[in-house]
Amino acid sequence: IMVKGWLQLWVSCESTIQSSDTPREKFLNILNIIANQILKNQNLYSFLFTAPQHSISFGTEPWKEYQNKIYSTLQKLLDDGIKVNEFPKLNSNLLFKAIGGSFHGILLMGSDQASLSRKEIEDLFTRLLSTAETQIG
């Protein structure tokens, strides 16, 4: 189950990752793809995102390869976007965690939406960045 779910997410994002879009566009498009994959199968992804938080040892499991690819790609896009001023100069690690927490809350805690548009993802991300800038600045 873990390999299938993480592989499915990775495969669904690959063409966007390889695109020539800007870091911001890639980042938002990938978030949109992931959000809609999650909404299609909330039970599976709820398990995928919460199982590693429990005391089960997942150190070298095969699914970690896909999880790490997704997370490192998103982290790199944040870093690249910050370098070219597409994102505010914030700590990208903290920003990544905040985005992950927001996604977890919105998508896995009782959302009855069937899908999210790219615009809705961008609005959510913009609000998150605005809040972060206000709190830090």
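**Close-up views of a six-helix chain**

**Figure 1. Trp 6, Trp 63, Tyr 71 and Phe 96 make up one aromatic cluster.** The model shown here is predicted. Across the whole structure, a search gives 6 aromatic pairs. One of them joins Trp 6 and Trp 63, whose rings are stacked. Their centres are 6.3 Å apart, and the planes meet at 20°. Trp 6 belongs to helix α1 (residues 2-18) and Trp 63 to helix α4, so this pair ties together parts that lie 57 residues apart in sequence. Trp 6 and Trp 63 are both buried.

**Figure 2. Tyr 71 and Phe 96 meet edge-to-face.** A pair of aromatic rings is described by two values, the distance of the centres and the angle of the planes. For Tyr 71 and Phe 96 the centres are 5.6 Å apart and the planes stand at 75°, so the pair counts as edge-to-face. An angle over 60 degrees is what earns that label. Tyr 71 sits in helix α4 and Phe 96 in helix α5, so the contact of the rings ties together parts 25 residues apart in sequence. Are these two residues buried or partly exposed? Tyr 71 is partly exposed, because its relative accessibility is 32%. Phe 96 has a relative accessible area of 18% and is therefore buried. The cut-off for buried is under 20%.

**Figure 3. The chain as a whole is built from helices, with 6 helices and 0 strands.** Along the sequence the pattern reads α-α-α-α-α-α. The chain has 137 residues, and 42% of them count as buried. Take the contacts between residues at least 6 apart in sequence. Of these, 73% join residues at least 24 apart.

**Figure 4. Helix α4 runs over residues 63-83.** How far apart are the end C-alpha atoms of α4? They are 30 Å apart. At 1.5 Å a residue, the 21 residues should span 30 Å, so the helix agrees with the expected span. An α-helix has 3.6 residues a turn, so residues three or four places apart point the same way. The buried residues of α4 include Trp 63, Tyr 66, Gln 67, Ile 70, Thr 73 and Leu 74. Gln 75, Leu 77, Leu 78, Gly 81 and Ile 82 are buried as well.

**Figure 5. Asn 85 follows helix α4.** Asn 85 lies in the loop between α4 and α5. What is the sign of its phi? The phi of Asn 85 is positive, about 60°, although the residue is not a glycine. Most residues other than glycine have a negative phi. The relative accessibility of Asn 85 is 58%, so it counts as exposed. The cut-off for exposed is over 50%.

**Figure 6. Ile 30 and Asn 32 are two buried residues of helix α2.** The helix covers residues 23-40. Ile 30 has a relative accessible area of 2%, so it is buried. Residues up to four places away in sequence are left out of its contacts. With that exclusion, Ile 30 touches Cys 13, Thr 16, Ile 17, Thr 73, Leu 74 and Leu 77. Among these contacts, Thr 73, Leu 74 and Leu 77 are buried residues of α4. Asn 32 also lies in helix α2. Its relative accessibility is 15%, so Asn 32 counts as buried. Which residues does Asn 32 touch, not counting those up to four places away in sequence? They are Leu 116, Ser 117, Arg 118 and Ile 121. The C-alpha atoms of Ile 30 and Ile 121 are separated by 9.9 Å. Along the chain the two residues are 91 residues apart.

**Figure 7. The largest cavity holds about 50 Å³ of space.** The count of cavities of 30 Å³ or more comes to 1. Its lining consists of Leu 31, Ile 99, Ser 102, Phe 103, Ile 121, Leu 124, Phe 125 and Leu 128. Helices α5 (92-108) and α6 (118-136) each supply at least two residues of this lining. Which helix gives the most? It is α6, with 4 residues. By class, the lining has 7 nonpolar residues, 1 polar residue and no charged residues. Ile 121 is one of the lining residues, and it is also touched by Asn 32 of helix α2.

Methods. Residues are numbered from 1 along each chain as its sequence is written. This is a predicted model: local features need pLDDT of at least 70, side-chain atom pairs count only at pLDDT 80 or more; totals for chains, interfaces and linings use all residues. Side-chain values use heavy atoms; hydrogens and water are left out. The expected span of a helix is 1.5 Å times one less than its number of residues. Buried means under 20% relative accessible area, exposed over 50%, partly exposed in between (1.4 Å probe, protein chains only). On a 1 Å grid over the protein atoms alone, a cavity is a set of points where a 1.4 Å probe fits but cannot get out, and a pocket is an open set with protein on both sides within 12 Å along at least five of seven lines; lining residues have an atom within 4 Å of a point. Grid points are joined across faces, edges and corners, and a volume is the space filled by probe spheres set on the points. Ala, Val, Leu, Ile, Met, Phe, Trp, Tyr, Cys and Pro count as nonpolar, Asp, Glu, Lys and Arg as charged, and the others, Gly among them, as polar. Rings of Phe, Tyr and Trp (its six-membered ring) pair if their centres lie within 6.5 Å; planes under 30 degrees apart count as stacked, over 60 as edge-to-face and the rest as tilted. Contact means heavy atoms within 4.5 Å.
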